[in-house]
Amino acid sequence: MSQITTQLDDSGAVDPNLPPDPSRRMWVATACAVGGAAGVATAVPFVSSFAPSDKARAAGAPVEVDVSNIPAGQMITVEWRGKPVWIMHRTPEQLAALKGLDPELADPHSDRPGYTPEYAKNEYRSRKPELFVCVGICTHLGCSPTPALAAGPQPGLPADWQGGFNCPCHGSTFDLAGRVFSNKPAPDNLEVPPYSYSADGTRIVVGVDENNKA
């Protein structure tokens, strides 16, 4: 360890007329610098905690999605308000299959309030028949259903399955318009979020419609 020396006069007292010892000056400056740095290091994280995160800024904001390249028969998932939103391009065959399912559904015309905007209260539950948009959360207890888009027998599904969504938690099933089948735990159809199309029809904005402005 370096030894700190102090300049003294002949009597052994500190001589105020003598210049301060350079070594002592260095130690004092170092101590001040370290203390200041520590103060800054402590303050920066604290101040930063007040700045909203990107996720917080995005919460509730509309989400714009290019839907022009979704292959027929497939779907994509985007996040809006922390929820998964499914966007599916339905084939003509899948649309035709919806027409005969009404007797098997709990709410075929989406009459129950709260889950379907007026523009989606049709047999396709969508603004355009081929493009289906819904929140991928079961209306029973909030699980996320599993897409089972292909028609035909599949494990845990009826032999005449026409495609749709199957909730793995308690067995609720939904058709390709998000309508819940009868006698299932889920009380309502899958939610259709507010959304609108761009002028050229190639994009949708989830979170914006006639009643929900950006």
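This report walks through the fold, the cores and the aromatic contacts of a predicted model.

## Overall layout

The protein chain has three helices and nine strands. Following the sequence, you get the pattern α-α-β-β-β-α-β-β-β-β-β-β.

Of the 214 residues in the protein chain, 35% count as buried. Among contacts with a separation of 6 or more, 52% are between residues 24 or more positions apart. The exposed surface of the protein chain comes to about 12300 Å², with carbon and sulfur atoms supplying 58% of it.

## The cores

The largest nonpolar core holds 35 residues, and those touching the most other members are Val67, Val85, Ile87, Phe165, Phe174, Tyr195 and Ile204. At least two residues apiece come from several elements, including strand 2 (75-80), strand 3 (83-89), helix 3 (92-98) and strand 9 (203-206). Strand 4 is the top contributor to this core, giving five residues. Apart from it sits another core, of six residues, with Leu101, Leu105, Leu157 and Phe181 among them.

## A look at strand 4

Strand 4 (131-135) is mostly covered, with five of its five residues buried. In a regular strand, side chains alternate between the two faces of the sheet. Here Leu131, Val133 and Val135 are buried on one side, and Phe132 and Cys134 are buried on the other.

Its pairing with strand 3 is antiparallel and uses five bridges. Histidine 89 is the residue standing opposite leucine 131 of strand 4.

## Aromatic pairs

The count of aromatic pairs comes to four. One of them is stacked: tryptophan 86 and phenylalanine 165, at 4.7 Å centre to centre with 20° between the planes. Tryptophan 86 belongs to strand 3 and phenylalanine 165 to strand 6 (residues 164-166), so this pair ties together parts 79 residues apart in sequence. Both partners are buried: tryptophan 86 has a relative accessible area of 5%, and phenylalanine 165 has 1%.

Tyrosine 119 and tyrosine 195 make an edge-to-face pair, because their ring planes are at 90°, with the centres 5.8 Å apart. Tyrosine 119 comes from the loop between helix 3 and strand 4, while tyrosine 195 is in strand 8, 76 residues apart. Tyrosine 119 is buried at 17% relative accessible area, and tyrosine 195 is buried at 0%. Together with Tyr197, Tyr119 and Tyr195 form one aromatic cluster.

## A charge over the rings

Arginine 127 shows up at both rings of that edge-to-face pair. Its charged end sits over the ring of tyrosine 119, 3.6 Å from the centre. Arginine 127 also lies over the face of tyrosine 195, at 5.7 Å from the ring centre.

How values were computed. Residues numbered from 1 in each chain as written. Predicted model: local features only at pLDDT ≥ 70, side-chain atom pairs only at ≥ 80, totals over all residues. Heavy atoms only, no water. Core = buried A, V, L, I, M, F, W, Y, C linked by side-chain atoms within 4.5 Å. Buried < 20%, exposed > 50% of the residue type's maximum accessible area, 1.4 Å probe, protein only. Helix = DSSP H or I, 4+ residues; strand = E, 2+ residues; numbered from the N terminus. Pairing = 2+ DSSP bridges. Contact = heavy atoms within 4.5 Å. Areas by Shrake-Rupley, 256 points an atom, 1.4 Å probe, with all protein chains shown as cover. Phe/Tyr/Trp six-rings, centres within 6.5 Å; stacked < 30°, edge-to-face > 60°. Lys NZ or Arg CZ within 6 Å of the ring centre and 35° of its normal.
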